[in-house]
Amino acid sequence: MIKFFRKIRQKLLSENKFSKYMIYAIGEIILVVIGILIALGINNWNENRKTDGIKQSYYSQIIFDLDKETKNIEERVMYLDSGITSVDHYFELMKTPNLETTQILDKLQKVRFTFDYIAFNTNTIESLESTGDIKLLPEKIRNLLIELKRKQDLISSRAKGNYGNYLNGYEKADELGFRRIQYSNPTVKDLDIEKNIPEIILTIEAAISLKNYTDKSIRNNFNEMLKDISDIKQLIHIELNKT
């Protein structure tokens, strides 16, 4: 092909047909430019295809993570509801006038004192951020994912601090003899736990009040998070349907 064009150029020059040669030269330049543009277009098409493949992979992993997170949150909300109900029920009963300490201690036995530390699966979003691939995602999806992780980190941090304070209160009540009372064995030689009962009750009530506040706050955050997750998944499905 190159030989063919070279012969045409030489023939036009030898015949002193300069004007025709210029037209030919311009045409050859145009053909070269068109060829370059086609090559660039093919290269861009290949790059876009690779990028789309990477995004598809991330979308699949994000959907998988969000589905797991949804199930995790729903189970945690049910667990929180159970603890919240037990504490709310206790404080409702405490409105009864002239209760004896023995009655109060009996009601405390029905309160659920356990809790779960909060943990989220943030592997995919962390991978997107560390590799810089998060820039491949549409701005709206990118911002929602970053905001979701920010909320998760904030919830975990606050819950850890509040539950830590709750445990401190519970341990203080334990030191005063609460565990003995729970096992219905407050009497120990040379250890007068009976006199500590009022302080034990007040200490435990303060602790479970903090726990109850924390549980309700986390439950509200979880319900908001479920809405955020639903919005992100909907946007991702729209993107997937474009391909």
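User: Contact means heavy atoms within 4.5 Å. On that basis, which residues is E69 in contact with, leaving aside its neighbours within four places in sequence?
Analyst: This is a predicted model, so keep that in mind throughout. With those neighbours set aside, E69 touches F120, N121, Q152 and I229.

User: Where does E69 sit?
Analyst: In helix α2, which covers residues 18-93.

User: Buried or exposed?
Analyst: E69 is buried, and it has no salt bridge.

User: What is the nearest side chain of opposite charge, and how far away is it?
Analyst: That is R76, at 6.3 Å from E69. A salt bridge needs a Lys or Arg side-chain nitrogen within 4 Å of an Asp or Glu carboxyl oxygen, so R76 at 6.3 Å does not qualify.

User: Then what does the E69 side chain reach?
Analyst: The backbone nitrogen of N121, at 3.0 Å. N121 is also one of the contacts of E69.

User: OK, salt bridges. How many in total?
Analyst: The count is eleven. As background, side chains of opposite charge can pair when their charged atoms come close.

User: Start with K149. Which side chain does it meet in a salt bridge?
Analyst: D153. The N to O distance is 3.1 Å.

User: How are K149 and D153 placed in the helix?
Analyst: Both are in α5, four residues apart, so about one helical turn separates them. Helix α5 takes in residues 139-175.

User: And K149 itself, buried or exposed?
Analyst: Buried, because its relative accessible area is 14% and the cut-off for buried is under 20%. Its partner D153 is partly exposed, at 40%.

User: What else is K149 in contact with, beyond four places in sequence?
Analyst: T122, I125, E126 and E129.

User: Next one. Which residue does D231 pair with in a salt bridge?
Analyst: K227. Their closest N and O atoms are 2.9 Å apart.

User: What separates D231 and K227 along the helix?
Analyst: They are four residues apart in α7, so the gap is about one helical turn. D231 counts as partly exposed, with 25% relative accessibility.

User: What about E92, which residue is its salt-bridge partner?
Analyst: K95. The closest N and O atoms of that pair lie 3.2 Å apart.

User: How accessible is E92?
Analyst: E92 has a relative accessible area of 49%, so it falls in the partly exposed class, as exposed starts over 50%. K95 is exposed, at 61%.

User: Switching topic. What is the phi of N98?
Analyst: Near 60°. That is a positive value in a residue other than glycine.

User: Why flag a positive phi at all?
Analyst: Because most residues other than glycine have a negative phi.

User: Where is N98, and what is its accessibility?
Analyst: N98 lies in the loop between α2 and α3, the latter spanning 101-108. N98 is exposed, with a relative accessible area of 75%.

User: Last one, S217. Which helix?
Analyst: Helix α7, residues 197-242. S217 is partly exposed, at 30% relative accessibility.

User: How far is S217 from R158, C-alpha to C-alpha?
Analyst: 9.9 Å in space. Along the chain, S217 and R158 are 59 residues apart.

Methods: Residues numbered from 1 in each chain as written. Predicted model: local features only at pLDDT ≥ 70, side-chain atom pairs only at ≥ 80, totals over all residues. Heavy atoms only, no water. Helix = DSSP H or I, 4+ residues; strand = E, 2+ residues; numbered from the N terminus. Buried < 20%, exposed > 50% of the residue type's maximum accessible area, 1.4 Å probe, protein only. Lys, Arg positive; Asp, Glu negative; His and termini not counted. Polar contact = N/O pair within 3.5 Å; in protein donor to acceptor, adjacent residues only side chain to side chain.
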